[in-house]
Structures are given as C-alpha cells and as structure tokens.
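Here is a set of questions and answers on how the labels given to parts of a protein model follow from its computed values. Each answer sets a value against its cut-off and then concludes.

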Amino acid sequence: MARINIHFFRNNTLDKLDFGKVLEFFDELPNFEIYYTANDVEIVYTDKEFQFSYSYLITKVSQVRQIYKLNPAFVNVNFLLQLPILVPEYVVKEILTVTQRLCKLFELEVFNDAFEDVKPFNLMDIIMLFKAARRAYIEENGLEGKILFDTDKLNSICKYQRSIDNICEWYHHEVQVDYCEPVIDRKTGEYGICCVWNIGIPTVFPPYFDYVKIKDEDDQEFMVRRKDFFTFVEKFLSEMANFLPDMYVMKTKAAHKSRSTVGKLKKFAILDQTF
C-alpha cells in the first residue's frame with residue numbers, strides 16, 4: 001500500500017528511548033500485534049472494519065536520508081510510522097491520534113522528507129502532509145482500483161461504521177445495525193455505498209447510502225437505488241440528524257407497516273447489474 005514515513009527523533013539531552021516501554025504502550029492498545037525479525041520490530045495494526053493495516057517500525061539502522069543535514073540537537077531513534085495514504089482522512093486522524101499520544105508520552109519529535117527539519121508533532125501539519133502526498137501519488141499512479149468519494153460524506157460513513165456497537169446499545173439491540181460497503185458495477189463503472197434491509201425488520205440506515213440490498217420474507221434479494229427506495233419507504237423513516245446527517249432509523253411499528261412496499265420496490269430492482 002502507498003504510504004509516507006514519519007520518522008521519530010528525540011532531543012539528545014534526554015535519556016535513551018526505552019523501547020521496552022514503547023512496546024508496552026502498544027501491547028495495551030487493541031488490534032496491535034508485534035512481530036520480530038532479525039533486522040527490525042514491526043508493530044502492526046489491523047483494521048477489520050475498513051480492511052487495511054498499517055505499522056510502526058523499529059529498525060537497526062536509521063532510515064532517514066541525508067540525516068546529516070538535520071538539527072544535531074536531535075537524534076533519530078530508528079523508529080517510524082508507515083502512514084498509508086490511500087485511506088479515508090477519518091482513519092488517518094485516528095492513526096495520528098495514537099501517534100500524538102506516543103510523541104507526548106515519550107517526548108518524540110517528527111520528521112518527513114517534505115519537512116525542512118525535525119519539528120514537534122502537530123496534527124494539522126501531518127494531515128496536510130498526508131493530503132499533499134495522496135494528491136501527488138494519485139496524479140502519478142492513479143487510484144489503484146479505489147474510488148474517490150466526497151470527504152465530508154465519507155467521514156460521516158466512517159463514523160457510522162465505528163459507532164455501530166454504540167447505536168445497537170442505544171436501541172437496546174432491538175434494531176438491526178449493519179455495516180455498509182462500497183460497491184461498483186464492473187461493467188458500467190457505477191458505484192456508491194450499499195446497505196442491507198431485511199423487509200419488516202427495524203433497521204438503522206447509514207448516512208449517504210446510494211443503494212439498498214433488500215431481502216424479502218422469502219429470502220429473495222434484489223437491489224434498488226436510493227431515490228427509488230425513498231419514493232416508497234421515506235414515510236417509514238425517522239432522521240437521526242442529532243447523531244449524524246442523513247442517517248435514518250425505521251422503528252418497530254414502521255417496519256411492520258413497510259412490508260406493503262415490497263411489491264412496488266421490486267418493480268425498480270436494478271436488472272443486469274454486476275456489482
């Protein structure tokens with residue numbers, strides 16, 4: 001995966017960095033695994049919800065090019081973050097929140113080849129670096145099969161994905177709350193966000209979905225576009241604008257009444273689609 005390296009430095013007046021405590025820091029965080037090889041230690045985070053991973057790396061030798069040009073008051077600790085750039089900005093902010101804690105706890109400074117010198121960690125600086133690196137990479141290499149999506153909408157979708165457990169608890173596990181997923185038609189290139197609705201079941205619908213995969217009471221499936229879905233089902237939905245924009249819930253009584261829409265919706269099923 002395309003990535004940029006954020007190298008960690010430390011003021012040379014401080015004691016040597018205690019990597020045992022660094023590893024303890026990651027041991028206490030969920031979804032991190034530590035792997036040892038002859039040449040380095042890789043600290044890998046695996047994100048099952050968004051299906052990607054990223055890593056921190058502890059190396060035997062410095063990975064910083066032309067290190068002699070940097071401020072000698074700081075020493076490279078042979079430790080770096082390999083930050084992916086073809087992921088949503090929402091996810092990058094989550095990654096950098098961990099990095100920010102790491103830098104504060106262990107008194108680390110940061111450096112990237114795009115910087116003039118070593119500098120204190122600043123969240124906005126790194127986000128701007130991420131955006132510039134992603135833009136340059138896409139211009140040179142394309143999207144590598146990924147889809148461009150409006151940043152604000154994607155951030156809301158990501159927040160929904162991260163909040164599913166909390167939403168389930170809010171509704172006392174009486175409402176279906178499922179992950180949504182991006183889909184693309186391999187023939188036409190049409191794409192968007194798809195969610196699932198089991199007819200008659202109380203359901204939360206994610207923000208900014210484009211398609212609904214509908215399962216009727218005979219377990220038959222068909223897909224409709226958002227506008228056709230709303231034509232017949234909108235009156236059964238309540239917007240959850242206090243939580244996220246464009247997010248809807250269909251409660252129990254409305255879900256029961258919504259069964260009457262199945263025949264109408266089937267007339268608008270997307271035919272010959274290859275999503």
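**From values to labels**

In this predicted model, the bridge partner of N11 in strand β5 is F74.

Q: How do you know that β1 and β5 count as paired strands?
A: Two strands pair if at least two bridges are found between them. Strand β1 (residues 3-11) and strand β5 (residues 74-84) are joined by eight bridges and run antiparallel, so they pair under that rule.

Q: What makes β1 and β6 a pair?
A: Three bridges join β1 to strand β6 (residues 109-111), again in an antiparallel arrangement, and since the rule asks for at least two, the label applies. One of the contacts can be named: F9 has E109 as its bridge partner in β6.

Q: Why is C103 called buried?
A: The term buried requires under 20% relative accessible area, and because C103 has a relative accessible area of 5%, the residue is classed as buried. C103 also appears among the buried residues of helix α2, including V91, I95 and F106.

Q: How do you know that the span of α2 agrees with its number of residues?
A: Helix α2 (residues 89-106) has 18 residues and, at 1.5 Å a residue, should span 26 Å; its end C-alpha atoms are 25 Å apart, and therefore the two values agree. Just after α2, E107 takes a positive phi of about 55°.

Q: Why is C158 said to be in no disulfide?
A: A disulfide needs two cysteine sulfur atoms within 2.5 Å, whereas the nearest cysteine sulfur to that of C158, belonging to C180, is 8.6 Å away, so the criterion is not met. A search of the whole structure likewise finds zero disulfides. C158 is itself buried, because its relative accessible area is 1%.

Q: Why does Y191 count as partly exposed?
A: Partly exposed covers the range between the 20% limit for buried and the 50% limit for exposed, and because Y191 has 38% relative accessibility, it counts as partly exposed. Y191 lies in strand β9 (residues 191-198) and, together with I147 and I184, makes a nonpolar surface patch of about 240 Å².

Q: What makes β9 and β11 a strand pair, and in which sense do they pair?
A: Strand β11 (residues 211-215) pairs with β9 in the parallel sense over five bridges, which satisfies the requirement of at least two. Within this pairing, C195 stands opposite V212 in β11.

Technical notes. Residues numbered from 1 in each chain as written. Predicted model: local features only at pLDDT ≥ 70, side-chain atom pairs only at ≥ 80, totals over all residues. Heavy atoms only, no water. Patch = residues over 30% accessible without salt bridge, like charges linked within 9 Å, V, L, I, M, F, W, Y side chains within 5 Å. Areas by Shrake-Rupley, 256 points an atom, 1.4 Å probe, with all protein chains shown as cover. Salt bridge = Lys/Arg side-chain N within 4 Å of Asp/Glu carboxyl O. Helix = DSSP H or I, 4+ residues; strand = E, 2+ residues; numbered from the N terminus. Buried < 20%, exposed > 50% of the residue type's maximum accessible area, 1.4 Å probe, protein only. Expected span 1.5 Å × (residues − 1).
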